[in-house]
Amino acid sequence: MTVEDYINNTKALLKRYHAMRKTLIELDKKRKALAVKIQCQYISPSIAKYDGAMGGGSLCSPVEAVADGHIENAYKLREIDKAYKSMATMVKAIEKALCELSEDDSKAISLHYIDGLSWVQVADKMGCSRKWCSIVGNNAIIKLSLLLYGSSKLVKIFSSKAGID
């Protein structure tokens, strides 16, 4: 990947930040609902009844059907947990990286990329010129990329472009 790729990935992540936060809330709701459903399924087999078809009259008994449903829901819960943890890790990484930036850098990045304001609107909110604001923002996005993807990857790319070994 090139430096531009890392920077573009950083910009894309920031633009999806609010959507990722909403998704985390929805995934958490699904996790909780499935956990309750699974808990209820632990109780269900003990109260399920054979519908008079003892001895193999049906393909599976109600107890077996409940067990199959439990397995399916446990698998879904595992997949939701995996997605939740992955997205939560990314959201925390973005938040941590933004905290590492200066106040001006963080504010410019947040207003432009996360909140979707133009550089002119960001400049108005920050009380500075559009040019200064876009310069600060462009430098800040590079810093943020370094924080998110690790300086060693990007330093190697910068060094190779500059002819430094």
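This passage describes the helical architecture, packing and cores of a predicted protein model.

The model is predicted, so that local features require a pLDDT of at least 70 and side-chain atom pairs count only at pLDDT 80 or more, whereas totals for chains, interfaces and linings use all residues. Residues are numbered from 1 along each chain as its sequence is written, and side-chain values use heavy atoms, with hydrogens and water left out.

The mean pLDDT of the protein is 81, and 76% of its residues reach 70 or more; pLDDT is the predictor's confidence in each residue, on a scale from 0 to 100. Over residues 46-53 the pLDDT falls below 50, and this stretch has 5 contacts in the model beyond near neighbours in sequence, a contact being defined by heavy atoms within 4.5 Å. Residues 161-165 also have a pLDDT under 50, and for them the model has 2 contacts beyond four places in sequence. Where pLDDT is low, the predicted coordinates should not be read in detail.

The secondary structure consists of 7 helices and 0 strands, giving the pattern α-α-α-α-α-α-α along the sequence. Helices (H or I, at least four residues) and strands (E, at least two) are DSSP runs, numbered from the N terminus. Of the 165 residues of the protein, 31% count as buried, where buried denotes under 20% relative accessible area, exposed over 50%, and partly exposed the range in between (1.4 Å probe, protein chains only). Among contacts between residues at least 6 apart in sequence, 69% join residues at least 24 apart.

Helix H1 (residues 3-15) takes part in a contact with helix H4 (residues 103-114), the two axes coming within 8 Å and crossing at roughly 75 degrees. Axes are lines fitted to C-alpha atoms, for helices over the stretch in contact, and angles run from 0 to 180 degrees between N-to-C directions. H1 is therefore roughly perpendicular to H4; angles under 35 degrees count as roughly parallel, over 145 as roughly antiparallel, 65 to 115 as roughly perpendicular and the rest as oblique. In this contact, Lys11, Leu14 and Lys15 of H1 meet Ile109, Tyr113 and Ile114 of H4. The residues involved comprise 4 nonpolar, no polar and 2 charged, with Ala, Val, Leu, Ile, Met, Phe, Trp, Tyr, Cys and Pro taken as nonpolar, Asp, Glu, Lys and Arg as charged, and the others, Gly among them, as polar. Lys15, located in H1, is exposed, with a relative accessible area of 57%. Its C-alpha atom is separated by 5.3 Å from that of Tyr113, although the two residues are 98 residues apart along the chain.

H1 also packs against H6, at an angle of about 90 degrees and with the axes 9 Å apart, which makes these helices roughly perpendicular. Here Tyr6, Ile7, Asn9, Thr10, Lys11, Leu13 and Leu14 of H1 meet Ile141, Ile142, Leu144, Ser145, Leu148 and Tyr149 of H6. By class, this contact has 9 nonpolar, 3 polar and 1 charged residues.

Helix H6 (residues 130-149) packs in addition with helix H5 (residues 119-126), at an angle of about 105 degrees and with the axes 8 Å apart. H5 is thus roughly perpendicular to H6. Trp119, Val120, Val122, Ala123 and Met126 in H5 meet Arg130, Trp132, Cys133, Ser134 and Gly137 in H6, and the residues of this contact divide into 7 nonpolar, 2 polar and 1 charged.

The largest nonpolar core has 29 residues, and those with the most contacts inside it are Leu14, Ile94, Leu98, Ile109, Val122, Ile141 and Leu144. A nonpolar core is a set of buried Ala, Val, Leu, Ile, Met, Phe, Trp, Tyr and Cys residues joined through side-chain atoms within 4.5 Å. Two or more residues are given to this core by each of H1, helix H2 (17-47), helix H3 (62-100), H4, H5 and H6; the largest share, 6 residues, comes from H6. Beyond its neighbours within four places in sequence, Ile94 is in contact with Leu13, Leu14, Tyr17, Met20 and Leu148. Another core, of 5 residues, lies apart from the largest one and includes Leu27, Leu34, Ile38 and Ile80.

Helix H2 also holds Lys32, which counts as exposed at 54% relative accessibility. Ile25, likewise placed in H2, is partly exposed, with a relative accessible area of 49%. The C-alpha atoms of Ile25 and Tyr84, 59 residues apart along the chain, are separated by 9.2 Å.
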